[in-house]
Amino acid sequence: MSEENLSILSLIINASMLVQAVMAILFLASAISWVMIVQRGMYLSAAQRDFRQFEETFWSGIDLNSLYREISEQQDENVPPTGIENIFRAGFGEFNRLVRLEKPDPDAVIESTDRAMRIALSREEESLGTHLPFLASVASVSPYIGLFGTVWGIMNSFRGLAMVQQATLATVAPGISEALIATAMGLFAAIPAVIAYNRYAALAERMNTSYETFADEFSSILYRQFHAR
Amino acid sequence: MSRILSYVIGAMVSAVLHVGVIVALWANWQPSSETVYLQPKYVVAELVQLAPRAPAVSKEKKTSATSDQLARKKKRQLEERKRKSRADELRKNAKKAALAARKKREDEERLALEKRRLEESRRVEREQQQAEWEDMLTQKEAQMDAQEDQRAANSYRQIIQQRLSENWSRPPSARRNMEAQVRIQLVPTGRVVGVNIIKSSGDAAFDRSVEQAVRKAHQFIELQAMDSRLFELKFRSVDVAFSPEDLRL
């Protein structure tokens, strides 16, 4: 290894196979985790915005039937319903279907509506939490992978040191420097993933709670409506 | 639909970020090995050449009666002017040549002067370097001498210590934390010529025993082998601390 050329890239290129593999894995992990970070960020912020909008329209005193129709039309136009709308649609659709029966049993109607909403809710919960496990594992594992690469590289460079007669710093320094790049890359991959995971997990949890609250409120409204007639 | 779009945007952001990092590493992380050579600043002296002022031609205006006369006069004037201008030119050329010659001479002188000055400064620098080098050498020698001295002194100290402890009988009143310091005066033969206690232990018997020990040792014959410079430096008077466990110099 020439000593004049100690740029990071040349260090990477001259690294041993295993360290290079470790670096490649970490680079890939970083790239994918950034895709996830951006995608999740957009999805969650969109969900939050839609929830706020929907709640505004819902509590503005709009007729529930027309709201239902609007959402159904939207779906027909290939605009996918967002989380909260899905829950509303599932609950209200089920309720309407059961109310139109000959002799609706109030308990059965409410229970069935609740079940429909619960199913939609759990589906939403699932989609809120997609990719978060991936981010979590990148966050927790990539420092270890990087550390493994570093330890391996340093091990090799010390073994090389044992073979030379005159041990100078210059014989080990490039190897150690090269090995430390693996740790740096591990941290580079892990830090954004940790931050994103913490933030998005909290956000998803909050959205989930809001959905649940909404489902409960909606269920009580339907119950009232059913008994008022 | 929008889901795929968000993935695409994410992939793009990720790609841009990582490519940016790679480019940054590629571009910036070379250790800069550029050396800057300082160039001496010369002040170039130049002769300022004054442009020769054009001779003022006085215009004579004379009205004469006849045109013939006027023409002749004009002709004469023209000739005269021509002559004048030729003479002027000649004069100017001579002047220029003289100026050029002077300039050249001055240039040469200047160059020689500069060369001499440069040589002078180089010589001074070399002398300075040599002087520094010699200084360093002498310093190093002095240091080594001092180390040598220290080593010799330590060995003599050990001899004195041993002899004193052989001759010292500790009194029964000696306690563990007692300490007495004595100053021993020596002569180059190694003989003890004086003992005084400079720090008492507080116990009279202890102090007496210490003094006794020094007097009993009487002469350190080994000190005769020591060179006189070291003796004068360190062994003309020696301080010894006695304490029940050991004695230190």
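**Cores and contacts of chain A**

Biologist: What makes A:Ile87 and A:Ala193 stand out in the largest nonpolar core?

Modeller: Of the 48 residues in that core, A:Ile87 and A:Ala193 touch the most other members. This is a predicted model: local features need pLDDT of at least 70, side-chain atom pairs count only at pLDDT 80 or more, and totals for chains, interfaces and linings use all residues. Residues are numbered from 1 along each chain as its sequence is written, and chains are lettered from A and ligands numbered from 1 in the order in which they are written.

Biologist: Why is this called a nonpolar core?

Modeller: Because a nonpolar core is a set of buried Ala, Val, Leu, Ile, Met, Phe, Trp, Tyr and Cys residues joined through C-beta atoms within 7 Å. Buried means that 20 or more other C-beta atoms lie within 10 Å of the residue's own, with C-beta atoms placed from the backbone. In chain A, 31% of the 229 residues count as buried.

Biologist: Which residues are in contact with A:Ile87, leaving aside its neighbours within four places in sequence?

Modeller: Among them are A:Met117, A:Leu121 and A:Phe214. Contact requires C-beta atoms, placed from the backbone, within 7 Å, so each of these pairs with A:Ile87 meets that limit.

Biologist: How do you know that chain A has zero strands?

Modeller: Helices (H or I, at least four residues) and strands (E, at least two) are DSSP runs, numbered from the N terminus. Chain A has seven helices and zero strands, so no run in chain A counts as a strand.

Conventions. Buried ≥ 20, exposed ≤ 12 C-beta atoms within 10 Å, placed from the backbone. Contact = placed C-beta atoms within 7 Å.
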